[in-house]
Amino acid sequence: MKPAIVASNIATLPTGLSSKQRERLFYSSMAAAVGITVFAGFARTYYLRPMFSPSLAPPLTPLLHLHGLVFSSWILLFITQTTLVAANRTRVHRRLGIAGMVLAALLVTVGISTAIIRTAHGMTTIPGGLVFLVVPLGDMVVFSILAGAAFYYRRRPDMHKRLILLATIAMLPAAVARLPFALMQTGPLAFFGFADLFILPCVVYDLVAFGKIHRATLFGALLIIASQPLRLAIGGTQAWLDFATWLTGLVS
């Protein structure tokens, strides 16, 4: 399910739907699009790895299994929480929100540790590992800001749900970069750009439903998009290379 298709469907929502029905349809569609993208991106290297990798390929390390488990759990929790709200089971949704806070903290810890350790031990196949390290670490910074803001505004559903969705979108470049399309292999601009398309339905939904972009959508979108060229610029500086060398030296 492509984000552009979701946006097109939102723009043509039947006028007979209530605001609650439109909202539930939007978030359910976005959860499905995110889930499909993550599965498709990591199918060959993780979820369906035995089908795509030869039997002699080196097994995944415990660290990567932990990384996959934690990040997959977040996506499953995101889909579950969206489904619970759509089913009007908000009490269960709030209780699971506590687990979501713990999982988010674990996700950031595991995400940062995995990126640093794999770079330090030369386990990544991406050229210029120290330069590229700024990308996954930047994902974790942006996710932390958006998820933290979402938990802070947990009693403001309009803010909370948008920030959680955008926090999840902020992590999509890793899955998008692994989609089996030649374009995604051309560099960060390609997979950043495609991942940013998931922001488009959020903007369209706000405009269709309320006639303006919600401030949480605007804040989250600007943070995600602005962070991307900033990371690429920082990654090429000597200051970053010195910092990344020191950081990876802690675990090498």
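**Exercise 1. Determine which residues lie nearest the centre of the second largest pocket, and describe its lining.**

Solution. We begin with the lining of the second largest pocket in this predicted model, which is made up of 28 residues, and of these Q81, V85, H93, R154 and H160 lie nearest the centre. The next step is to ask where the lining comes from: the elements that give two or more residues to it are helix 2, helix 4 (62-86), helix 5 (90-120) and helix 8. Sorting the lining residues by character then gives 12 nonpolar, 9 polar and 7 charged. Finally, the volume of this pocket is about 840 Å³.

**Exercise 2. Find how many cavities of 30 Å³ or more the model holds, and state which residues line the largest cavity.**

Solution. A general idea helps at the start: rolling a probe the size of a water molecule over the atoms shows where empty space is left. With the cut-off of 30 Å³ or more, the count comes to 1 cavity, and the volume of the largest cavity is about 40 Å³. Its lining consists of F26, Y27, R162, L165, L166, C202, Y205, D206 and T217. Helix 2 (19-47), helix 8 (157-169) and helix 11 (199-210) are the elements that give two or more residues to this lining. By character, the lining residues divide into 6 nonpolar, 1 polar and 2 charged.

**Exercise 3. Describe the secondary structure of the protein, and work out what share of its residues count as buried.**

Solution. The protein has 13 helices and 0 strands, and reading along the sequence therefore gives the pattern α-α-α-α-α-α-α-α-α-α-α-α-α, in which helices and strands are DSSP runs numbered from the N terminus. Turning to burial, where the cut-off is under 20% relative accessible area, 42% of the 252 residues count as buried. The accessible surface comes to about 13,200 Å², and 70% of that surface belongs to carbon and sulfur atoms.

**Exercise 4. Identify the residues with the most contacts inside the largest nonpolar core, and follow the contacts of L172.**

Solution. In soluble globular proteins, nonpolar side chains tend to be buried together. Here the largest nonpolar core has 60 residues, and those with the most contacts inside it are W74, L107, F143, L146, L165, I169 and L172. Helix 7 (residues 134-152) gives the most to this core, namely 11 residues. For L172, we set aside the neighbours within four places in sequence, and what remains is contact with V34, V38, A195 and F198. As a last step, consider the protein as a whole: among contacts between residues at least 6 apart in sequence, 71% join residues at least 24 apart.

Terms used. Residues numbered from 1 in each chain as written. Predicted model: local features only at pLDDT ≥ 70, side-chain atom pairs only at ≥ 80, totals over all residues. Heavy atoms only, no water. 1 Å grid on protein atoms, 1.4 Å probe; cavity = no way out; pocket = protein on both sides within 12 Å on 5 of 7 lines; lining within 4 Å. Points joined across faces, edges and corners; volume = space filled by probe spheres on them. Helix = DSSP H or I, 4+ residues; strand = E, 2+ residues; numbered from the N terminus. Nonpolar A, V, L, I, M, F, W, Y, C, P; charged D, E, K, R; others polar. Buried < 20%, exposed > 50% of the residue type's maximum accessible area, 1.4 Å probe, protein only. Contact = heavy atoms within 4.5 Å. Areas by Shrake-Rupley, 256 points an atom, 1.4 Å probe, with all protein chains shown as cover. Core = buried A, V, L, I, M, F, W, Y, C linked by side-chain atoms within 4.5 Å.
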